[in-house]
Amino acid sequence: MCGIIGYIGKRNAVPVLLYGLQRLEYRGYDSAGIAVVDNENGKILIEKQVGKIKDLQEHLWGRNINGHLGLGHTRWATHGSPTVENAHPHISQGGKFAIVHNGIIENYMELKKYLQEKGYKFKSETDTEVIAHLLEDEYNGNLLDTALKVAKKLEGAYAVGIISTEEPDKIIAIKKGSPLIIGLGKEENFIASDIPAVLEYTKDFIVLEDGEVALITEDNVEVYNLEGQKVQKKPLHVTWDVSVAEKGGYKHFMQKEIHEQPRTIGDTLAGFSSSKNEELFDMLKDINRLYIIACGTSFHAGLVGKFWIEKFARIPVEVDYASEYRYRDRIIDEKTAVLGISQSGETADTRFALLDAKKEGAKTIGLVNVVGSSLSRESDYVLYTYCGPEIGVAATKTFTAQLVTLLLFALEAGLKRETISKEEYDKIHEALLHIPSKVEEILKKDDEIKDIAYKYMNATDFLFLGRNINYPIALEGALKLKEISYIHAEGYPAGEMKHGPIALIDEKLPVVSVIPKDRFYEKMFSNVQEVKARKGKVISVATQDDEKIKELSEDVIYIPQTEDILYPILTVIPLQMLSYHIATLLGKDVDQPRNLAKTVTVE
Ligand code: M6R
């Protein structure tokens with residue numbers, strides 16, 4: 001939901017900003033821009049372009065812009081359509097202050113009216129431009145002081161970067177609600193929405209908390225609260241290699257991330273065991289209700305998690321879209337826990353729903369991938385997936401890692417609550433250790449799945465069916481296909497078909513059936529027969545050696561055998577691959593699908 005980058009130091013800021021923007025492009029890609037304080041005349045120079053970062057790069061090609069201080073922005077439009085005028089950075093009327101912003105200024109109408117009455121002319125339709133004019137209006141010879149005053153006038157969620165010709169040796173960064181980190185270099189410093197944007201230059205970071213304002217020069221960083229009091233911050237060191245943010249020989253990040261899953265599942269298994277949070281599992285002993293809240297793919301992981309947690313830990317679980325949970329009359333007491341699942345840890349719906357529940361007395365747990373993200377800091381307890389950055393907008397490797405973590409969570413809670421035996425725990429744990437090699441086997445079917453994708457790529461609708469613990473996988477398969485190929489798809493519990501949706505079936509409808517050899521096999525088989533009887537084209541994801549399913553299916557993608565309850569971690573892999581291939585065969589931009597952003601920091 002918009003990406004911010006800023007640089008101060010000895011290098012020319014322009015290539016640093018463009019490189020950072022490329023790394024942040026997954027956050028928004030409808031327009032982009034940079035602002036630098038020109039080394040020659042000390043003025044702020046702004047260049048913006050509608051489209052992707054490559055369009056901005058082409059626009060700047062051959063231009064000799066030099067500056068040691070600058071800001072960059074890649075936009076996902078909220079207020080105002082994607083135009084050059086609405087693209088960031090925005091500049092104040094007198095040209096002395098340039099700003100970039102990620103988030104929404106909720107009271108911008110009121111501020112705009114106030115500024116217009118004072119004679120400020122607005123060039124864009126954005127909520128952001130008010131910040132630039134407010135800075136000019138309030139400037140008192142001290143940029144930090146002025147930024148603090150302006151921040152107090154802003155309502156909503158925002159991360160803001162500010163530079164000024166008046167004090168061209170500083171960047172000011174303000175964070176409230178949207179993510180912002182400071183990269184610490186040698187005689188240079190950076191601001192960015194996300195760590196990979198500056199991983200090329202540093203592995204040391206300060207993660208800003210809500211309500212913090214940083215004063216950044218090339219050799220110093222000071223952090224203040226909104227009252228202007230200094231805050232001591234402990235830098236974070238990451239060990240990631242810069243290659244985590246590169247495609248490493250794959251055509252797309254999504255493809256790379258699908259193929260990383262044997263490693264990321266293994267790392268998540270190892271990471272969970274080595275950082276087991278005893279306090280969390282002690283707390284779970286006394287819990288009698290768990291709400292899981294999440295959005296999109298993370299929500300589907302939560303739906304699978306419910307089966308495991310109820311089975312092994314015997315805690316009643318409700319799973320809700322975070323955007324719905326926030327506004328319902330939930331029941332919370334001291335025995336209620338709320339688990340927020342979010343890859344980014346920045347999704348506004350999930351964060352704010354969790355914070356509301358926390359205020360009402362719930363114990364809160366965050367399951368996140370991004371270390372240091374807002375949700376990880378706002379939850380009472382944190383669980384991590386160990387995937388490294390996920391750049392493709394479609395979540396893949398983080399989904400399977402969320403599943404693994406939820407299963408381990410359920411097993412550990414079960415042991416503590418004495419609702420499973422050690423033998424059962426060990427049996428499932430042992431089976432889990434074999435999952436990475438089984439995923440590896442499925443990934444070898446890439447060409448086969450591509451051929452199937454080719455057969456069905458021109459369908460206008462798809463149906464995905466599953467039962468019980470594989471029903472959320474049907475939902476996830478449909479979401480993957482929709483978001484990257486723009487083909488209409490729906491996921492359904494197979495037993496529910498006869499209550500209405502079966503009317504949709506005809507010879508043109510591909511129906512993907514998730515039918516592993518588990519205890520629901522026969523029931524699922526009957527449901528697939530019903531589809532076949534109505535001439536639907538069945539593509540089955542089935543367990544190897546299942547010859548019977550061939551009778552009903554046009555195509556079968558076989559997966560290795562595992563324990564019944566582990567199948568979701570395997571059945572989802574062919575669905576990710578099928579969507580990927582259909583979308584790329586159709587020529588779609590799978591890493592940056594239209595209208596989407598990786599991290600949704602607005603409600
Ligand atoms: O970062 P989060 O896990 O909170 O993101 C939630 C959803 O926005 C996300 O899963 C989205 O649905 C993905 N594009 C799915 O592939």
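Is aspartate 137 buried, partly exposed or exposed? With 22% relative accessibility, aspartate 137 counts as partly exposed, and you will meet this residue again in Figure 4. All the close-ups below show a predicted model.

**Figure 1. The largest pocket and its lining of 27 residues.** Welcome to the first stop, a pocket with a volume of about 530 Å³. Nearest the centre of this pocket lie Cys295, Gly296, Thr297, Lys598 and Val600. Two or more lining residues come from each of these elements: helix H9 (296-313), strand S18 (336-342), helix H11 (348-359), helix H13 (397-417) and helix H17 (471-485). Helix H9 gives the most, with three residues. Sorted by character, the lining of the largest pocket holds eleven nonpolar, twelve polar and four charged residues.

**Figure 2. The second largest pocket, set between two domains.** Here the space amounts to about 380 Å³. The lining is made of 16 residues, and those nearest the centre are Gln22, Glu25, Lys247, Phe253 and Gln592. Helix H1 (13-24) and helix H2 (53-60) each contribute at least two lining residues, and the largest share, three residues, belongs to H2. By character, the lining of the second largest pocket splits into four nonpolar, five polar and seven charged residues. Why does this pocket lie between domain 1 (3-244) and domain 2 (248-433)? Both domains give residues to its lining, so the pocket sits between them.

**Figure 3. A salt bridge between lysine 52 and aspartate 589.** The closest N and O atoms of this pair are 2.4 Å apart. The two partners come from distant parts of the chain, 537 residues apart. Lysine 52 sits in the loop between strand S3 (44-50) and H2, while aspartate 589 belongs to the segment after helix H19 (567-585). Aspartate 589 is partly exposed, and its relative accessible area is 30%. For context, a search of the whole structure finds 38 salt bridges.

**Figure 4. Lysine 118 and aspartate 137 in a salt bridge.** This is the pair promised at the start, with 3.0 Å between the closest N and O atoms. Lysine 118 is in the loop between helix H3 (108-117) and helix H4 (129-138), and aspartate 137 is in helix H4, so the salt bridge ties together parts 19 residues apart in sequence. Lysine 118 has a relative accessible area of 45% and is therefore partly exposed. Aspartate 137, at 22%, is also partly exposed.

**Figure 5. Glutamate 138 and lysine 153, joined by their side chains.** The salt bridge here spans 2.6 Å from N to O. Glutamate 138 belongs to helix H4 and lysine 153 to helix H5 (residues 143-153), so parts 15 residues apart in sequence are tied together. Which of the terms buried and partly exposed fits glutamate 138? Its relative accessibility is 15%, so glutamate 138 counts as buried. Lysine 153, at 31%, counts as partly exposed. Elsewhere, salt bridges with shared partners connect Lys256, Glu260, Arg263, Asp267 and Lys397 in one network.

**Figure 6. Phenylalanine 520 in the loop between strand S23 (510-515) and helix H18 (521-533).** The relative accessible area of phenylalanine 520 is 16%; buried means under 20%, so this residue counts as buried. Leaving aside residues up to four places away in sequence, phenylalanine 520 touches Arg467 and Asn468. For a sense of scale, phenylalanine 520 and threonine 202 are 51 Å apart in space, C-alpha to C-alpha, and 318 residues apart in sequence.

**Figure 7. Backbone details worth a second look: a cis peptide bond and two residues with positive phi.** Most residues other than glycine have a negative phi, and most peptide bonds are trans. Histidine 88 and proline 89 are joined by a cis peptide bond, with omega about 0°. Proline 89 is found in the loop between strand S4 (69-75) and strand S5 (90-91). Aspartate 545 is not a glycine, yet its phi is positive at about 75°. Aspartate 545 lies in the loop between strand S24 (537-543) and strand S25 (555-559) and is exposed, with a relative accessible area of 66%. Asparagine 595, again not a glycine, has a positive phi of about 65°. Asparagine 595 is in the segment after H19 and is exposed, with a relative accessible area of 63%.

How values were computed
Residues numbered from 1 in each chain as written. Predicted model: local features only at pLDDT ≥ 70, side-chain atom pairs only at ≥ 80, totals over all residues. Heavy atoms only, no water. 1 Å grid on protein atoms, 1.4 Å probe; cavity = no way out; pocket = protein on both sides within 12 Å on 5 of 7 lines; lining within 4 Å. Points joined across faces, edges and corners; volume = space filled by probe spheres on them. Helix = DSSP H or I, 4+ residues; strand = E, 2+ residues; numbered from the N terminus. Nonpolar A, V, L, I, M, F, W, Y, C, P; charged D, E, K, R; others polar. Domains from an automatic or database assignment. Buried < 20%, exposed > 50% of the residue type's maximum accessible area, 1.4 Å probe, protein only. Contact = heavy atoms within 4.5 Å. Salt bridge = Lys/Arg side-chain N within 4 Å of Asp/Glu carboxyl O.
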